[in-house]
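Here's a quick tour of one model, written for someone who likes numbers. Have the viewer open and follow along.

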Amino acid sequence: MSENNVNITIANRLATAHDKISDASKKAGRLPEHVSLIAVSKTKPPSDIEAAFRAGQLEFGENYVQELADKAQQLSKLENLCWHFIGPIQSNKTALIAEHANWVDSLDRIKIARRLNKHCEELNKQMNVLIQVNISDSNTKSGIALLDVANFAEEIQEFKYLTLRGLMAIPDEYLDKNKQKAEFEQLNTCFLALKHQYQTVDTLSLGMTNDMEAAILSGSTMIRLGTAIFGPRTN
Ligand SMILES: *Cc1c(COP(=O)(O)O)cnc(C)c1O
């Protein structure tokens, strides 16, 4: 495909995604503007991000620190781009994340929170953070248990340069819709309790290309779409 066709395709996919968000929100009795869309651009070239930006998309998600740093630098001329770091975090990478991300959606260790806070203090920068929860209790995944969320949230209050915005989860791919619904509802209950306790909390990041409708029905306020916007990833 020519670059122009790629750009049109990305713009069309974004429009389709917004239609789906709208439909699912209506079904849930919610307002579509209460569900934000993060375009997950990992492994995709900066030209794809720019195409999405030209079609009105401002928030992007990246999983790999060096890739985030490179793209953020290359695209620094685009105004109001907002970068979410959504991947696993190694402690020796926290300085680069602090420098380039506006949100860290995958926080699940106090040690990382402390280091991020220190780097953000040096940069005099406020960082939005989401606590990553492992709702499916799979030991292959990052994230803390739902039961530990309250304590973790309390502990990160001492970090003045981190603003707790809510929770993020990457659930298993479910075959059983009832089990999926039960887990999504548990997560939403935990989110609502946190929101009640902390004024800064307003975000439940749940839902990807394959489960966005179910996530919106269960209260998600932020979905993360990769494949649905940029097409399949080959690497
Ligand atoms: C890759 C990724 C996504 C996007 O997944 P798709 O299925 O392509 O929409 C969303 N969230 C996280 C944390 C990811 O790593």
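What volume does the largest pocket have? About 430 Å³, and keep in mind that this is a predicted model. Its lining is made up of 20 residues. If you want to centre your view there, go for Ile-170, Glu-173, Met-208, Thr-209 and Asn-210, which lie nearest the middle of the pocket. As for chemistry, the lining splits into 7 nonpolar, 6 polar and 7 charged residues.

On to the cysteines. A disulfide is a covalent bond between the sulfur atoms of two cysteines. Searching the whole structure turns up 0 of them. Take Cys-120: the nearest cysteine sulfur belongs to Cys-82 and sits 13 Å away, while the cut-off for a disulfide is within 2.5 Å, so Cys-120 is in no disulfide.

Next, burial. Here are three residues with their relative accessibility:

| Residue | Relative accessibility | Class |
|---|---|---|
| Cys-120 | 0% | buried |
| Cys-190 | 17% | buried |
| Thr-163 | 18% | buried |

Why does Thr-163 count as buried? Its relative accessibility is 18%, and buried means under 20%, so Thr-163 makes the cut. The 17% of Cys-190 puts that residue in the buried class as well.

Thr-163 is worth a second look for its surroundings. This threonine is part of strand E6, which runs over residues 162-169. Leaving out residues up to four places away in sequence, Thr-163 touches Gln-126, Met-127, Asn-128 and Val-129, plus Thr-200.

Terms used:
Residues numbered from 1 in each chain as written. Predicted model: local features only at pLDDT ≥ 70, side-chain atom pairs only at ≥ 80, totals over all residues. Heavy atoms only, no water. Helix = DSSP H or I, 4+ residues; strand = E, 2+ residues; numbered from the N terminus. Buried < 20%, exposed > 50% of the residue type's maximum accessible area, 1.4 Å probe, protein only. Contact = heavy atoms within 4.5 Å. 1 Å grid on protein atoms, 1.4 Å probe; cavity = no way out; pocket = protein on both sides within 12 Å on 5 of 7 lines; lining within 4 Å. Points joined across faces, edges and corners; volume = space filled by probe spheres on them. Nonpolar A, V, L, I, M, F, W, Y, C, P; charged D, E, K, R; others polar.
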